[in-house]
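Open the model in your viewer and follow the stops below in order. Each stop says what to select and what is there.

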Amino acid sequence: MADLKQITLKEIADHNTNKSAWIVIGNKVFDVTKFLDEHPGGCEVLLEQAGSDGTEAFEDVGHSTDARHMKDEYLIGEVVEVSYIYHKILKVFFIFQEERRTYSYDKKTWKASTDQDNKQRGGESLQADNIIYFALLAIIVALVYYLIAA
Ligand code: HEM
């Protein structure tokens, strides 16, 4: 595994269409272009994740052991470490916002947000969320800088 091709997130991001679809699962990169038409869950879900980190989506489905082995047929490389960590941090913020938006208390599950949901919640609280997240991020960065400088 040591000689796996090192791929940056920027490269991966360019492969987000049905002509070329790469997905990150764990820290590995899978070229699922040829698998799009064969995926039992449909090509749409794969295309939604194409060009980005699909680890959460892949795990949430609870794929079988067969599916986990099957994905290795499409392995083409691994994510370059530094950018992966950076991406995960961004992704945590992104997922957190998505989930805040889409949790259904009736069904006790996460679901895709609809225009109706967004209207009910109103855009303002989402904006407020964003400000809080970025303020927290700024505090963390300032702390790290202070510790390094001290
Ligand atoms: C290379 C990556 C992937 C492989 C090899 C793969 C393979 C499979 C297989 C074999 C199944 C049939 C059920 C099972 O055996 O678990 C399945 C179902 C499914 N997969 Fe994937 N999958 C991949 C990535 C993804 C991703 C990134 C998503 C994103 C959401 C996804 C969503 C689904 C869904 C929604 C189903 C249907 C589940 C159901 O009907 O209960 N898959 N996949």
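**Stop 1: the iron atom**

Select the iron atom of the ligand: its site is octahedral, with 6 donor atoms and angles of 85 to 178° among them. Donors are N, O and S atoms within 2.8 Å of the metal (3.2 Å for Na, K and Ca); water is not among the atoms, so sites may look incomplete. Six donors count as octahedral if opposite donors are over 155 degrees apart and all others between 65 and 115.

Now add the protein donors, His39 (NE2) and His63 (NE2), which lie 2.0 to 2.1 Å from the iron atom. This pair links distant parts of the chain, 24 residues apart. His39 sits in the loop between strand S4 (28-31) and H2, and His63 in the loop between H3 and H4. Helices (H or I, at least four residues) and strands (E, at least two) are DSSP runs, numbered from the N terminus.

This is a predicted model: local features need pLDDT of at least 70, side-chain atom pairs count only at pLDDT 80 or more, and totals for chains, interfaces and linings use all residues. Residues are numbered from 1 along each chain as its sequence is written, and side-chain values use heavy atoms, with hydrogens and water left out.

**Stop 2: His39**

Stay on His39. Is it buried or exposed? His39 is buried, with a relative accessible area of 14%. Buried means under 20%, exposed over 50%, partly exposed in between (1.4 Å probe, protein chains only). Next, show the backbone oxygen of Gly42: the side chain of His39 reaches it at 2.8 Å.

**Stop 3: the shell around the ligand**

Select the residues near the ligand (a heavy atom within 4 Å of it). There are 16, and the closest are Phe35, His39, His63, Ser64 and Lys71. Zoom in on Ser64: a polar side-chain atom there lies 2.5 Å from an oxygen atom of the ligand.

Colour the helices next. H2 (43-49), H3 (55-61) and H4 (65-70) each supply at least two residues of the shell. The largest share, 3 residues, comes from H3.

**Stop 4: the salt bridge**

How many salt bridges does a search of the whole structure find? It finds 1. Select Arg68 and Glu59, whose side chains meet in it at 2.9 Å, N to O. A salt bridge is a side-chain nitrogen of Lys or Arg within 4 Å of a carboxyl oxygen of Asp or Glu. Arg68 is partly exposed at 28% relative accessibility. Glu59 is partly exposed too, with a relative accessible area of 37%.

How values were computed:
Polar contact = N/O pair within 3.5 Å; in protein donor to acceptor, adjacent residues only side chain to side chain. Tetrahedral: all angles 85-135°; square planar, octahedral: opposite > 155°, others 65-115°.
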